[in-house]
Each structure stands twice: as C-alpha cells, then as structure tokens.
Amino acid sequence: MNRFMRTATRKKREYMMETALRLFVERGYEQVSVDDIISATHTSKGTFYHYFKGKDEILREIPRRQITVIQAWAKATPSQVTSLEAHINRLLLDLAEGIEAYPKLIRSLTSLSLQNDALKAEADEEYGTLYESLLRWLPDPAKARLLVTVYMGTLQYWCAREDLNLKELLLKQLAWAWSGLRSHEAPPAAALEPERKGERIMKIAVIGGGLAGLTAAAYLSESPGVEGILFERSPQLGGRAFTYEKAGFTLNYGAHAVYGIDRHNLTTMEKELGLSFSSKQVDKRKVMYAKHGELTPAPLDFVNLLRTELLNPMQKVRFVGEITAIMANIHNVKNYDTLGDYLAQSDADEDVKELWEHLVCSNFFITPEEARKVPGATISEYYHNLFLSSRPVNYVLGSWAVITNQLRSKIEQSGRWEIAVQEGVDAIRYADRKFILQTKNREMAFDRVIFAMPVQQVCKLLKGTPWEPFLAPYEDNTATEVMVYDVGLKHVVARPFSYISDMDNKLFISDVSATDHTLVPEGGQLLQGIAYLSDRFADEAERKVYLDDKTKQMEALFDKHYPGWRDAIEVKRVSKKAMVASVKNIEGNRLLPTRVENVPFYFCGDGCEGKGELAERAFSSGRHAAKSILEEALVLQR
C-alpha cells in the first residue's frame, strides 16, 4: 500500500479489506466473491479494483500484517528487554493473537499458498523476516530456526484441529523448546532405536505417477520401515489429472469434479494423510438437460424432478420410486447382468428408460450403447452412494493440482522416497529374491512393486515375463474415451446454467468457472465440452469423419447457449481422444484386482477394483495396495 495515500483513501481501503476479511471468516474464503465484497461495502467494481488487483491480494494482507508486528518487535533495544526468553515468547504470542480468530481462513491461506505464487512469496517473506529478527536476539541459526519451526508447526497443528486454543498450545510447545535451548552445549546426535535382529527396510517401486501411484506412495511414505521410488514416464505427475496453466487459465486434462464427496474415499484420505483442500458444489438448480431443442431442469433431486419436463407426472412417481429403491439398496437393477438386461424386462415407460440410460452415460462417460452394458450391480452400488450424498457434484477448488501437489510434498518430505519423473520402467525380472527394474539409465532391486498405470500398459510391460499368462484376461480391456473441448474466454459471455447435457447428441458443456472461480483470471470464463465417443470404426478415415462431426456438434452447442464465445476466446484446447478411465466399466471388461493369483505384484488405478468410479477408484485402490504392503511389512518385522 502506498504510504503517501491520503487518510480518507486509506480508511476506505482498510474498511473494504476489513469487511472482506470478516466475510472470509464467516463464510470461508472460497465462498466469497468479489461481488459479495462490493455489495457488503456498498462500493463499485471500479473502486474495488482501484484498491486491489483481486480477491487474493486481500488475503495477502494477513502475512503483511504479521510482518509489521515482527518489525515493530525488532525495534526494541536491549535495555528494554529484561528476559530474552520472555521477549521472544511475547512476539510469537502476538503473532498467534493476530490470527487465532479465524482458523478456517488461515487454513485456506495455507492451502492456497501451495498453488498461488504470490501468496507463497508473502508467506515466505513472513517466515524469513521472523527468522532474521530472531537471529538478531539469538545469534545461533540452529536455535532461531528451531523457534520458527515450533511456531509454524504449532500453527499447522492448530489449523487441523480448530478445537484447541492457539496461544495455550503455543506456550506448551515453547516450554519444551526452551528446555533444550537453555543449554549452552551442542545437542548430541538424535537417538535411534537400534535395529532389531531380522529387521530390515522394505524397498518399494511404484510405477506410475497418476492419482493412484501418488496415493500409494504417500501412504507408504508414512512408514519408517519403508522406502522407495515413484517412477513416472512423462514430465509431470498426475496422469490424466495433470493440470497446467495458459494465459491465466488453469486447464485440467480430466475434469476435477468429485461425485458424492461427503461419501468419497478422498474425504477419508484427507483425514488420514493430513491433506487440506476446499471444494464447491455445482448449483443443482442450474443443471439442465436439452431434448428435442427444449431445455428442462435435470432431475438430480426431488425439487428438480418436480420441475423437469422430461417426464410426465406418472413417470415422475415411477422414477421417484426407483431412486428410493436404489437408496434403500433394494432396487432390482443389482440383480441383472447389465443395465440393458434390466431395461429390457422393465415395464417402465420409454422416457424413464431413456433417463436411466442418460444418467449412466453422464456419470460413466460412455455412449448410450455402452451404458446398456454396464453391470447392474455396479450401477446399483454407484447410485446408492450418489443418491444418499448431500453433496452430489463438487469441484476441488484450484484443480487436481491442489491434491497432487500435497501428495508429492508428503512423499518428498519423508526423506525416504525419490520421485523420478521422465523415467519410465522398460523391463522387470526376478533374481536373487528381488524384483529388478530396468530404466533407460539404471537398474535397481526392490522387495515389492506396485503397478499404478493403465491396465493395457501393465500387460505390455509384463509381456514375455513368467507373469504374462496370468494377465491375459485383462489385456483386451477397452478404455473410456471422450472428446474434450476447453475454451477460456476473456470475459463471461453468458451464464444461464452451470451444466447442460444434450440428450439428443450425447454431449455436455460445463461452465467450470461458475463453480471453480480459481481457474480463470478475474472476469474470465472457462467452458469445458465433453462428447461421449464410440470406438467402433471400419477404418481411420471413418473415425476422422466421426470426430469432425462431433466437433461441429459441440461448437453448435456452444453457439446456441454461449453466443459470442468465438470472439472472446483467449485459450482453446481440443483433445479428440482423451482417456477418462483406463478400463471402461462394462460387462465385456474385467477390472484388475489389487492382487492377481500367482502374480507377486500389487495393482492400482482407475482400471482396478476399488470403491466408486474414475478418480475415486484410483484413490481407493492406491490406498488399499499401500495398506496391504504395510501390513505385510509388519508381519516381516515380527
């Protein structure tokens, strides 16, 4: 802030800032928009952007204020300080007092600093200023660094708990720290429990750095008896959850929507691994279906079901009954081999059958023909969880990078794991009771191996090995593929709804930025179109014509509901054959178990058996594979 700013101007800016911080505390940072701040302060958008570049600049005021506290403390003279310990404790308690009123906001700040360079720079400056100021009074880098670590660690623990009093917790932690700092002698080396007879470190290889591989390695990194290497052939981690930025827009190769997050495996992982992320629910009232050129609310809940024109009153009663039966886990679909078998024998009207077919298309990312091949038990289990969810469709705010960055950080911080990007495994063999993995530049031995890669790639890597015959039932599995059409717009061209599904052409468009505002520059809009693709073509020429037709259909859908989008394009990306899942969950495919009989490896990923679909199956199978190895490691140590 300009120190020459007029008093009235400064007061106006401070008023807006204090109001915004109050809203952040009351509602949560992610739930407050710039428009909310403008409304609460009775100002204009022009006034807001005169004082602030964006919403995150207000959040950066917190570390700036803390720096001001540190700088004021540092001005004390030695004659004013009667006790060095009390003087330093006073500073750390004053810093705690400055933030203890809003733990959720500090948690958001901590999470956002992992992905926002400006916020990270402010946090780094705060802790750097704290360290340098402590060093002036305690001229021992190791001791100054310890006190900074005690403060930061206590803050992190408090953010995770929220039921604790921050200052009381900090005083207890400082008491333990000072008991060691009062010594004038260098501390001895940290004590280690002697290695017991027969005890050894288990070395693990995780092949694949997608969501499943990162999850497995993160769980394994928590065990001191395990070390390993995570191999990823591509230049980046995340697999199909890879995220990148272009012209201020954040693009995800796979939609970062999470279905039924309150019942999702990711919620369990958040607690077990200490992850921190926020999410926002898609506005169900703005989810629409288009049929025969007419728009109507999608029947996602009982309110929308009453409003939709897809079904007549009697059909609505029938569909409510089917949803209720699914929720009670007594629906007949679970007893049928496929959805097609169930629909063929159902006495429901054609509109109800079509709605079931379209729901499965939307959630499993497949064509109507393929939707009819999804096993009935799979559909029953999936929708049982989804219909019981109070938060059916949420976006992870900030994209998949918020999750993958934290998993990577957890793996690296253990000090026992290496992450090897752009290093693929080319061959594997068994010798001297070890699994020998060969890459382009090295050969290494491991005790256990986890394959966290598409099933088709697993079969290819194990071809010619003794384990090839046991993978044969899975080598012909087909993947779920879609066309993804992303457009980043300079400004919002239209926002009539957050999601529209074209039932006639099996396309849908999500206004991703309507739910996740973090993906776009201020005022921008990010639309993502998805087309379900068929994979049956006579030749490449027929496939090309088909994809060109799908592209035209998608652009026509943009034209109809987002007029002017072509003139506002800042970023465009069209992936005409994006893989959503390594195994299409239909009757003709078989999900790979985490363990296959007579094969000494572990398997995880969205093509493996696990809870839920898509990303959830990757998370759950990765977690299961890691926990199985940890149980095995415990047995070996006994």
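User: Which residue in β18 stands opposite Phe-508?

Analyst: A heads-up: this is a predicted model, in which local features need pLDDT of at least 70, side-chain atom pairs count only at pLDDT 80 or more, and totals for chains, interfaces and linings use all residues. Residues are numbered from 1 along each chain as its sequence is written, and side-chain values use heavy atoms, with hydrogens and water left out. β17 and β18 (residues 525-532) run antiparallel and are joined by 5 bridges; strands (E, at least two residues) and helices (H or I, at least four) are DSSP runs numbered from the N terminus, and two strands pair if DSSP finds at least two bridges between them. In that pairing, Phe-508 of β17 faces Ile-530.

User: And on the β16 side, which residue of β17 does Ile-500 stand opposite?

Analyst: β16 (residues 499-502) pairs with β17 in the antiparallel sense, over 4 bridges. Within that pairing, the partner of Ile-500 is Ile-509.

User: Which residue in the turn between β16 and β17 has a positive phi?

Analyst: β16 and β17 make a hairpin, with 4 residues between them. Most residues other than glycine have a negative phi. In this turn, the one with a positive phi, about 60 degrees, is Lys-506.

User: How many residues of β17 are buried?

Analyst: Check the two faces of the strand: Leu-507, Ile-509 and Asp-511 on one side are buried, and so are Phe-508 and Ser-510 on the other. "Buried" means under 20% relative accessible area, "exposed" over 50%, and "partly exposed" in between, using a 1.4 Å probe and protein chains only. β17 (residues 507-511) is largely enclosed by the rest of the structure, because its buried count is 5 of the 5 residues.

User: Which residue in the turn of the β3 and β4 hairpin has a positive phi?

Analyst: β3 (residues 243-246) and β4 (residues 249-252) run antiparallel with 4 bridges, and Glu-245 stands opposite Thr-250 in β4. The turn has 2 residues between the strands, and the one with a positive phi of about 55 degrees is Ala-247.

User: Is Ser-399 buried or exposed?

Analyst: Ser-399 sits in the loop between β9 (393-396) and α19 (401-413). Leaving aside neighbours within four places in sequence, Ser-399 is in contact (heavy atoms within 4.5 Å) with Thr-243, Thr-250, Asn-252, His-256, Asp-516 and Leu-519. With a relative accessible area of 1%, Ser-399 is buried.

User: What about Leu-591: how does it count at 21% relative accessibility?

Analyst: Leu-591 is in the loop between β19 (569-581) and β20. Its contacts beyond four places in sequence include Tyr-474, Asp-606, Cys-608 and Arg-617. At 21%, Leu-591 counts as partly exposed.

User: How far apart in space are Leu-591 and Thr-404?

Analyst: In sequence, Leu-591 and Thr-404 are 187 residues apart. From C-alpha to C-alpha, the distance in space is 24 Å.

User: What is the relative accessible area of Gln-422?

Analyst: Gln-422 has a positive phi of about 55 degrees although it isn't a glycine. Its place is the loop between β10 and β11 (427-431). Gln-422 is exposed, and its relative accessible area is 60%.

User: And what is that value for Asn-598?

Analyst: Asn-598 also isn't a glycine, yet has a positive phi of about 70 degrees. It lies in the loop between β19 and β20. Asn-598 is exposed, with a relative accessible area of 53%.

User: Which strands stand at the edges of the open sheet with parallel pairing?

Analyst: That sheet has 5 strands in the order β10-β2-β1-β14-β20. Inside it, β1 (residues 202-207) and β2 (residues 226-232) run parallel with 6 bridges, with Ile-207 opposite Phe-231. Two strands have a single partner each, so one side of each is left without a neighbour in the sheet: β10 (417-421) and β20 (602-603).

User: What radius of gyration does the protein have?

Analyst: The C-alpha trace spans about 90 × 75 × 45 Å along its principal axes. The radius is taken over C-alpha atoms, and the globule rule is 2.2 Å times the number of residues to the power 0.38. For 638 residues a compact globule would come out near 26 Å, which agrees with the protein's 28 Å.

User: What share of the residues of the protein count as buried?

Analyst: The fold has 24 helices and 20 strands. Out of its 638 residues, the buried share is 53%.
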